[in-house]
Amino acid sequence: MKEGKEEIELIKEGKRLDGRGFDELRPIKIEVGVLKRADGSCYFELGDNKVIAAVYGPREMHPRHAQDAKMAVVKFRYNMAPFSVDDRKRPGPDRRSVEISKVSREALDPVIMREYYPKTAIDVYVEILQSDAGTRTAGINAASIALADAGIPMKDLVSSVAVGKIDGEIVLDLNAIEDNHGEADMPVAMVARTNTITLLQMDGRLEREEFERGLKLAMGACHQIYELQRAALIDRYSESVDVGEGEA
Ligand code: ADP
């Protein structure tokens, strides 16, 4: 258990409190292109997490001195709505959101072909409407789809999920009660097709063997998420093609 947390039983008769098995993801719902004014957008649900990602750009970078003459600059802003948590969250940036913005940008950076758009900015906004642990992973999944929806050239999508340890067991995709009362939480992001890890963080402690088992579990789940992301994008764009054909 993480320090200073009240101990509660998180596993009963081999099941988690929400009825999931140890290697089960929460239900995922994806909608692509939900915002009219954004160049690309995505609504992503992971259990009780509800997040929206919006992408703007590539567009002229301001201030100009921050431009990169060789490539686009990617900016990422993660923000939790004041109403997204049980107690109202104080609006505005804090240390946590600055950290999550930084690691999320770094998780997506390797797939974005920034060299195509020198001197520009690509702005990625992630808004957490409702949170239940794993918001950074939901945000990265949503942002990756929104970037693709914006038509930004990418080598691939990035998929993300957390694993952790509760009541001594390694489990996939912790919810808030598990995150609060569990022993460890380890968010992972990866390019599923090449098995390239682009984010790996850990809160709490895992033995080496547990870490390896957890990482394997997360990587397997990233493959599942990747398929859902792909399917959502294909669904969105095959729909538009159908409409076009119908009108012709
Ligand atoms: P993640 O959401 O990526 O798992 P954390 O591990 O930092 O990030 O947070 C876990 C959960 O704790 C969040 O999803 C949210 O439900 C809750 N939480 C985080 N920050 C706050 C806050 N300022 N007020 C209330 N709840 C919070």
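Is Lys165 buried or exposed? I put this question to the predicted model and found that Lys165 is buried, with a relative accessible area of 14%.

**Entry 1: salt bridges**

I stayed with Lys165 and looked for its partner, which turned out to be Glu210, the closest N and O atoms of the two being 2.9 Å apart in a salt bridge. I then noted where each of them sits: Lys165 is in strand 8 and Glu210 in helix 4, which spans residues 208-247, so that the pair, 45 residues apart, links distant parts of the chain. Glu210 counts as buried too, at 9% relative accessibility.

Next I looked up Glu99 and Arg136, whose side chains meet in a salt bridge at 3.1 Å, taken from N to O. I recorded this pair as another link between distant parts of the chain, since Glu99 belongs to helix 1 (residues 95-108) and Arg136 to helix 2 (residues 135-149), with their positions 37 residues apart. Their accessibility I wrote down separately: Glu99 is partly exposed at 34%, whereas Arg136 counts as buried at 17%.

I also checked Lys50 and Glu45, whose side chains form a salt bridge with an N to O distance of 3.8 Å. Here the lysine, Lys50, is partly exposed with a relative accessible area of 29%, while Glu45 is buried with 15%.

How many salt bridges does a search of the whole structure find? I noted 21. I looked as well for salt bridges that share partners, and found one network that joins Arg16, Asp18, Arg20, Arg26, Asp132, Asp173 and Glu178.

**Entry 2: a negative patch**

Turning to the surface, I looked up a negative patch and found that Glu7, Glu9, Asp167 and Glu169 form it. I followed up Asp167, which is placed in the loop between strand 8 (159-166) and strand 9 (169-172). With a relative accessibility of 36%, Asp167 counts as partly exposed.

**Entry 3: cysteines**

I searched the whole structure for disulfides and the result was zero. Cys42 is in no disulfide, and the nearest cysteine sulfur to its own is that of Cys222, 15 Å away. Why is there no bond from the sulfur of Cys222 to the closest cysteine sulfur, in Cys42? The distance of 15 Å is too far for a bond, because a disulfide needs the two sulfur atoms within 2.5 Å. I noted the accessibility of each cysteine as well: Cys42 is buried, with a relative accessible area of 0%, and Cys222 counts as buried at 0% relative accessibility.

**Entry 4: a return to strand 8**

I went back to strand 8 to look up Ala162, which is placed there and is buried, with a relative accessible area of 6%. I then took the C-alpha separation between Ala162 and Asp185 and obtained 6.8 Å, for two residues that are 23 residues apart along the chain.

**Entry 5: backbone geometry**

Before looking at single residues, I reminded myself that most residues other than glycine have a negative phi, and that most peptide bonds are trans.

Which residues does a cis peptide bond with an omega of about 0 degrees join? I found Gly57 and Pro58, and placed Pro58 in strand 5, residues 49-60. I recorded another cis peptide bond between His62 and Pro63, with an omega of about -5 degrees; Pro63 lies in the loop between strand 5 and strand 6 (73-80).

For phi, I looked up Ala133, which is not a glycine and yet has a positive value of about 75 degrees. Ala133 lies in the loop between strand 7 (120-130) and helix 2, and I noted it as buried, with a relative accessible area of 14%.

Asn195, also not a glycine, has a positive phi of about 55 degrees. I found Asn195 in the loop between strand 10 (184-191) and strand 11 (196-200), and I entered it as partly exposed, with a relative accessible area of 40%.

Definitions and conventions
Residues numbered from 1 in each chain as written. Predicted model: local features only at pLDDT ≥ 70, side-chain atom pairs only at ≥ 80, totals over all residues. Heavy atoms only, no water. Patch = residues over 30% accessible without salt bridge, like charges linked within 9 Å, V, L, I, M, F, W, Y side chains within 5 Å. Areas by Shrake-Rupley, 256 points an atom, 1.4 Å probe, with all protein chains shown as cover. Salt bridge = Lys/Arg side-chain N within 4 Å of Asp/Glu carboxyl O. Lys, Arg positive; Asp, Glu negative; His and termini not counted. Charge placed at Lys NZ, Arg CZ, Asp CG, Glu CD. Helix = DSSP H or I, 4+ residues; strand = E, 2+ residues; numbered from the N terminus. Buried < 20%, exposed > 50% of the residue type's maximum accessible area, 1.4 Å probe, protein only.
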